[in-house]
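Trainee: Please pick one part of this model and take me through it slowly. I keep getting lost when I try to follow how a helix sits on a sheet.

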Amino acid sequence: MRLLLVEDDRMIGDSLRKALRDEGYAVDWVYDARAANATLASERFDLVLLDLGLPNAQQWGGGLDVLRTLRARHDTTPVIVLTARDALGERVAGLDAGADDYLVKPFELDELNARMRAVLRRHAGRGEPAIEHAGVRLDPATRQVSFDGAPVALSAREFAVLEALLARPGAILSRAQLEDRLYGWGEEIESNAVSVYIHQLRKKLGADVIRNVRGVGYYIGARQTPGGTSDSTPDSTPDAS
Ligand code: CA
């Protein structure tokens, strides 16, 4: 799951980003409305955590403007608004502008996590289509996976690896990037954990679905058809880790 954190307070932002990454979320962080608008216009996120009071608001707008801009182009990305204590008007305005939920600062991380899960569940329940590629169908809402129509039982970690790879078919994810998706499970990750999950996934889905670029990472390829050509050229440069 990929999050955008819009927060100008460096201390709050830094600790939130760390904590959410530990929960297994991939977190991008911007500090003002200008950067938030630019990022949201060019990239997809599963969820946005949006502070309302942002710097230079007269020129760039505040959090509410970010929200209104997002909704004005019919972008339904879930948004949780972060507001100051006692700012009832802000909370009402945020919800009316299209926020899915709000949280009053200072908040407990456990509550934020629970609200994020609830918002993501509701969002998926509104008919978010399952991810389908190369014969694999993954439903983030029900957490069910099938291959060529037949149900496949995956462990939670195998599911997380497959979900990350399916999110961008053809894009290579390095071992480190995949390990990031497995954080937050409350356990040390063994050095060969990703290789083990990939091996298990290949046993269940066939060796063809998940491709390995030696020393670089893994990606979901297009299906090889007899006499046809594959269009599964990787389209990203993985990080060097
Ligand atoms: Ca602020």
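Mentor: One term first: a contact here means heavy atoms within 4.5 Å. You'll also need angles, which run from 0 to 180 degrees between N-to-C directions. Keep in mind that this is a predicted model.

Now find helix 7, our part for today. Helix 7 lies across strand 6, strand 7 and strand 8, and runs at about 110° to strand 7. An angle from 65 to 115 degrees counts as roughly perpendicular, so at about 110° helix 7 is roughly perpendicular to strand 7.

What does helix 7 lie across, then? Let's build that sheet strand by strand. Strand 6 covers residues 131–133 and strand 7 covers residues 136–139, and three bridges pair them in the antiparallel sense. If you want a spot to click on, take Ile131, whose bridge partner in strand 7 is Leu138. The hairpin of strand 6 and strand 7 has two residues between the strands, and in it Ala134 takes a positive phi near 50°.

Move on to the next pairing. Strand 7 also pairs with strand 8 (residues 144–147), again in the antiparallel sense, over four bridges. Here Arg137 stands opposite Ser146 in strand 8.

Put together, this is an open sheet of four strands in the order 6-7-8-9, with antiparallel pairing. Strand 6 and strand 9 (150–152) each have a single partner strand, so they stand at the edges and one side of each has no neighbour in the sheet. On average, neighbouring strands of this sheet are turned by 25° against each other, direction ignored. When you look along any regular strand, remember that side chains alternate between the two faces of the sheet.

Back to the helix. Ala156 is found in helix 7. Is Ala156 buried or exposed? Neither, quite: its relative accessible area is 36%, which makes Ala156 partly exposed. For a sense of place, the C-alpha atoms of Ala156 and Arg143 are separated by 9.0 Å, while the two residues are 13 apart along the chain.

Helix 7 has a helix partner too. Helix 7 (residues 156–167) packs with helix 9 (residues 193–205) at an angle of about 80°, and their axes are 9 Å apart. That angle is why helix 7 is described as roughly perpendicular to helix 9. Which residues of helix 7 meet helix 9? They are Arg157, Glu158, Val161, Leu162 and Leu165. On the helix 9 side you'll find Tyr197, Ile198, Gln200, Leu201, Lys204 and Leu205. Sorted by class, this contact has seven nonpolar, one polar and three charged residues.

It helps to set this beside another sheet in the chain. Five strands form an open sheet in the order 2-1-3-4-5, and here the pairing is parallel. Its edge strands, each pairing on one side only, are strand 2 (26–30) and strand 5 (101–104). Neighbouring strands in this sheet are turned by 20° against each other on average, direction ignored. Helix 2 (residues 33–42) packs on this sheet, where it touches strand 1 (2–6), strand 2 and strand 3 (47–51), and its direction makes about 160° with that of strand 1. Helix 5 (residues 88–96) packs on the sheet as well, touching strand 4 and strand 5, with its direction at about 160° to that of strand 5. Angles over 145 degrees count as roughly antiparallel, so helix 5 is roughly antiparallel to strand 5.

Last, zoom out. The chain has nine helices and eleven strands. Of its 241 residues, 44% are buried. Among the contacts with a separation of 6 or more, 55% come from residues 24 or more positions apart. To go over it once more, start at helix 7, find strand 6, strand 7 and strand 8 beneath your cursor, and then follow helix 7 to its packing with helix 9.

Technical notes. Residues numbered from 1 in each chain as written. Predicted model: local features only at pLDDT ≥ 70, side-chain atom pairs only at ≥ 80, totals over all residues. Heavy atoms only, no water. Parallel < 35°, antiparallel > 145°, perpendicular 65-115°, else oblique. Nonpolar A, V, L, I, M, F, W, Y, C, P; charged D, E, K, R; others polar. Pairing = 2+ DSSP bridges. Buried < 20%, exposed > 50% of the residue type's maximum accessible area, 1.4 Å probe, protein only.
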